[in-house]
Amino acid sequence: MDKLTLYRQAIKNLLKEYADLSAVDKEVDTQLLFDEAHDHYQLMHVGWINGQRIYGSVIHLDLINGKVWLQHNGTEGDIAQELMAGGVAREEIVLGF
């Protein structure tokens with residue numbers, strides 16, 4: 001498996017794991033957004049809780065020039081460490097925030 005295919009799979013697996021954890025309310029939809037053509041990947045929350053609008057990116061990752069850019073981490077998890085456990089090289093993870 002080539003590097004980009006491995007990285008794409010590691011990103012998708014990580015986001016799916018967080019999506020499974022975050023499905024806490026029937027009124028808030030957990031959305032996985034995978035744009036493989038442009039290498040943009042996000043976990044989003046969209047919906048309503050007690051009349052309050054919920055909308056936002058929980059995790060946003062991009063593949064740019066062969067590196068995984070962590071654009072946003074709205075969790076308490078160590079996303080970079082989890083990516084490394086999934087096979088992404090440490091030197092190819094960029095903290096974009």
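Let us begin with what lies over the first helix: the cover of the buried residues of α1 includes the strands β1 (28-35), β2 (40-49), β3 (52-64) and β4 (67-73), together with the helix α2 (79-85). I should say at once that the model before you is a predicted one.

Which residues of α1 are buried? They are Y7, R8, A10, I11, K12, L14, L15, Y18, A19 and S22. As a reminder, an α-helix has 3.6 residues a turn, so residues three or four places apart point the same way. The helix α1 itself runs over residues 3-22, which makes 20 residues. From its first C-alpha to its last it reaches 29 Å, close to the 28 Å expected at 1.5 Å a residue.

Let me now place α1 within the whole chain. The protein contains two helices and five strands. Followed along the sequence, these elements give the pattern α-β-β-β-β-α-β.

I turn next to overall dimensions. The C-alpha trace spans about 45 × 25 × 20 Å along its principal axes. How does the radius of gyration agree with that of a compact globule? For 97 residues, such a globule would have a radius of gyration near 13 Å, and the protein has 14 Å, so the two agree.

As for burial, 35% of the 97 residues count as buried. The protein exposes about 6000 Å², and carbon and sulfur atoms supply 51% of that area. Consider also the contacts between residues at least 6 apart in sequence: 39% of them join residues at least 24 apart.

On charge, the protein carries 8 positive and 15 negative charges. The mean positions of these two groups are 3 Å apart.

Finally, I would draw your attention to two loops. Most residues other than glycine have a negative phi. Where, then, is N50, a residue with a positive phi? N50 is found in the loop between β2 and β3, and its phi is near 50°. This residue is exposed, with a relative accessible area of 79%, and the cut-off for that word is over 50%.

The loop between β3 and β4 holds N65. Phi of N65 is likewise a positive value, near 50°, in a residue other than glycine. Is N65 buried or exposed? With a relative accessible area of 77%, N65 is exposed.

To close, I return to α1, whose buried residues include Y7 and L14, and whose cover includes β1 and α2. Thank you for your attention.

Technical notes
Residues are numbered from 1 along each chain as its sequence is written. This is a predicted model: local features need pLDDT of at least 70, side-chain atom pairs count only at pLDDT 80 or more; totals for chains, interfaces and linings use all residues. Side-chain values use heavy atoms; hydrogens and water are left out. Helices (H or I, at least four residues) and strands (E, at least two) are DSSP runs, numbered from the N terminus. The expected span of a helix is 1.5 Å times one less than its number of residues. Buried means under 20% relative accessible area, exposed over 50%, partly exposed in between (1.4 Å probe, protein chains only). Contact means heavy atoms within 4.5 Å. The radius of gyration is taken over C-alpha atoms; the globule rule is 2.2 Å times the number of residues to the power 0.38. Accessible areas come from the Shrake-Rupley method with a 1.4 Å probe; for residues, only the protein chains shown count as cover. Lys and Arg count as positive and Asp and Glu as negative; His and the chain ends are not counted. The place of a charge is taken as NZ of Lys, CZ of Arg, CG of Asp or CD of Glu.
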